[in-house]
Amino acid sequence: MPHIETVEIQNYRNHDYVQLNFKKGINVIWGENGSGKTAALEAVYTLSMGRSFRTRNHKETLKENSNKSSLRGVFNTSCAMREIKLNHLSTGQRRFFINGTAIKKTMDLIGKTPIVLLSPEEQIITKGSPGDRRDYFNKILSTISREYLKTLLIYQRLIKQRNFALRETRKRHINHTAITAWNEPVVIAGKKLWKLKTAIIDQIVHELQKINKKYVKEDIDLCLEFFPEGETETFKKRLERSLNSDIVKGRTTAGPHRDEYCFSFNGRLLRNFGSQGEHKLALVLIKMAEINTIKKATGKTPILMLDDFFAKLDFQRADSVLSLLNGEYQTIITTTDIVDIEKHGIDLKSENNASLHMERMCKA
Ligand SMILES: Nc1ncnc2c1ncn2[C@@H]1O[C@H](COP(=O)(O)OP(=O)(O)OP(=O)(O)O)[C@@H](O)[C@H]1O
Ligand SMILES: [Mg+2]
C-alpha cells in the first residue's frame with residue numbers, strides 16, 4: 001500500500017523545523033490550536049499535489065521573516081521509494097525535485113502519490129453552491145482521466161467564446177451566425193465530457209452505496225444523484241431552442257457546465273436540511289467513495305488526510321467512521337485532543353499507528 005514515511009518541514013508557516021515519521025495505518029497529529037497541525041497536512045499535500053489547499057499565494061506559506069522554506073517527503077510507493085523535495089525562495093522561485101532531479105512542470109508531480117483531503121474548507125462540497133460541487137467532481141474526474149481534463153479545458157474555452165458571441169449579439173443587434181458557429185464544437189466536446197463523466201460518476205455512486213452498507217452501526221442512506229443539464233442525443237437542438245433566452249442572459253444555459261449533483265441524507269436534501277454533524281459525516285463518506293473510485297480507476301491508493309476530524313461528529317459516528325478506516329488506507333488525522341482518539345480504542349502504540357504531538361510556541 002503506498003504511503004508517506006516521513007515529512008521534513010523547514011521555515012514553513014509557524015514551523016522552524018519539524019520532522020514527522022508516519023506509519024502505514026492511522027497517524028494522529030495532535031496539539032493545541034495554532035500548533036501547526038493543519039500546516040503539517042498542508043506540507044504533505046503540497047509535496048503530492050504541487051500546491052497548498054489553503055492558499056494560491058505560495059508566499060503566504062513561507063515562515064514570516066525567512067527567505068527560504070523547504071519541504072521533503074519520502075513516499076513508499078510499493079515498487080520504489082520516492083523522495084519529493086520543494087525549495088521555495090521568498091523571491092517567488094519554487095522548485096520541485098523527485099529523487100534529486102528537478103522537475104520541469106509541477107503537473108509532472110500530480111497523480112503520482114494522490115491524496116484525498118477532508119478539511120473544514122472542503123465542507124462546501126455538501127454545503128456550497130452547485131458550482132462548488134461541479135468543481136469538486138471535475139477535480140476527481142480530472143485526476144482519474146487525463147482525457148477528461150483535456151476535453152474539459154477545451155469545452156470551457158468554447159463556452160467562454162460562445163458566451164462572448166451571445167453578449168456581442170445582444171449589444172450590437174447583429175445576426176446569430178457568430179453564435180451558431182460555436183454550437184457544433186460545443187456539442188462535440190460536451191458529448192465527450194458527458195460520456196467520460198457518466199462512467200466515473202456511476203462508479204462513485206456505486207462506491208457510496210457500498211460504504212453505506214459497510215457503515216454498520218447505524219442505518220444511514222447517503223445518496224448522490226447526477227442531473228445532466230442536457231442530453232447527448234438532443235444537445236444540438238437544445239442549444240438551438242434556447243438561443244433567444246441565451247442571448248438575453250448572455251450565457252449558455254445548457255451543457256455539462258450546468259450539470260447538477262445532489263446529495264441526500266436519509267431521504268432529505270443534504271444541502272438544505274442537513275445538520276452540522278450530518279454534513280460532516282456525509283463528507284467523510286464521500287471522501288472514502290472518492291478514494292475507492294480513484295483506487296479502482298488508477299490502481300493507486302490515495303492517502304487520506306482528515307483535518308480536525310472529531311469536530312462536529314458525535315462519539316458513535318466518529319467511532320463508526322474510525323472502524324471503516326482500519327487498515328484500508330494510510331490515514332493522517334489531526335485533533336486537538338489525543339483523548340478523543342484513545343476513547344475509540346485505537347492503539348497508537350501498535351506498529352501500524354503513530355501519535356505525533358505538536359506544541360504551540362509561547363511568546364518569550
Ligand atoms: N507564514 C506564516 N508564518 C508564521 N506563522 C504562520 C504563517 N502562516 C500561519 N502561521 C501561524 O501558524 C499557526 C499554525 O496554524 P495551523 O492552522 O497549522 O494550526 P492548527 O494546529 O491546525 O490549529 P487549529 O487546531 O486551530 O486548527 C497559526 O498560529 C498561524 O497564525
Ligand atoms: Mg487546524
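## A helix pair and a ligand site

Start by selecting residues 276-298, which make up helix H9, and residues 315-325, which make up helix H10: the two pack at an angle of about 5°, and their axes are 11 Å apart. Keep in mind as you click around that this is a predicted model. Angles under 35 degrees count as roughly parallel, so H9 and H10 are roughly parallel to each other.

Next, turn on the side chains where the helices touch. On the H9 side, pick Glu278, Leu281, Val284, Leu285 and Met288; they meet Arg317, Val321, Leu324 and Leu325 of H10. Try coloring that set by residue type: the contact of H9 with H10 has 7 nonpolar residues, no polar ones and 2 charged ones.

Now jump over to ligand 1. Which residues are closest to ligand 1? Select Gly34, Lys37, Thr38, Arg54 and Glu60, the closest among the 16 residues that surround ligand 1. Color the whole shell by type and you'll get another mix: 7 charged, 7 polar and 2 nonpolar residues.

Zoom in and hunt for the oxygen atoms of the ligand. At Gly34, look at the backbone: one of its polar atoms is 2.8 Å from an oxygen atom of ligand 1. Gly36 also uses its backbone, with a polar atom there 2.9 Å from a ligand 1 oxygen. For Thr38, show the side chain instead, since a polar atom of that side chain lies 2.7 Å from an oxygen of ligand 1.

Last stop: switch on the surface. Ligand 1 taken alone exposes 660 Å², and the protein buries 71% of that.

Key: Residues numbered from 1 in each chain as written. Chains lettered and ligands numbered in written order. Predicted model: local features only at pLDDT ≥ 70, side-chain atom pairs only at ≥ 80, totals over all residues. Heavy atoms only, no water. Near = heavy atom within 4 Å. Polar contact = N/O pair within 3.5 Å; in protein donor to acceptor, adjacent residues only side chain to side chain. Areas by Shrake-Rupley, 256 points an atom, 1.4 Å probe, with all protein chains shown as cover. Nonpolar A, V, L, I, M, F, W, Y, C, P; charged D, E, K, R; others polar. Axes fitted to C-alpha atoms, helices over the stretch in contact; angles between N-to-C directions. Helix = DSSP H or I, 4+ residues; strand = E, 2+ residues; numbered from the N terminus. Parallel < 35°, antiparallel > 145°, perpendicular 65-115°, else oblique. Contact = heavy atoms within 4.5 Å.
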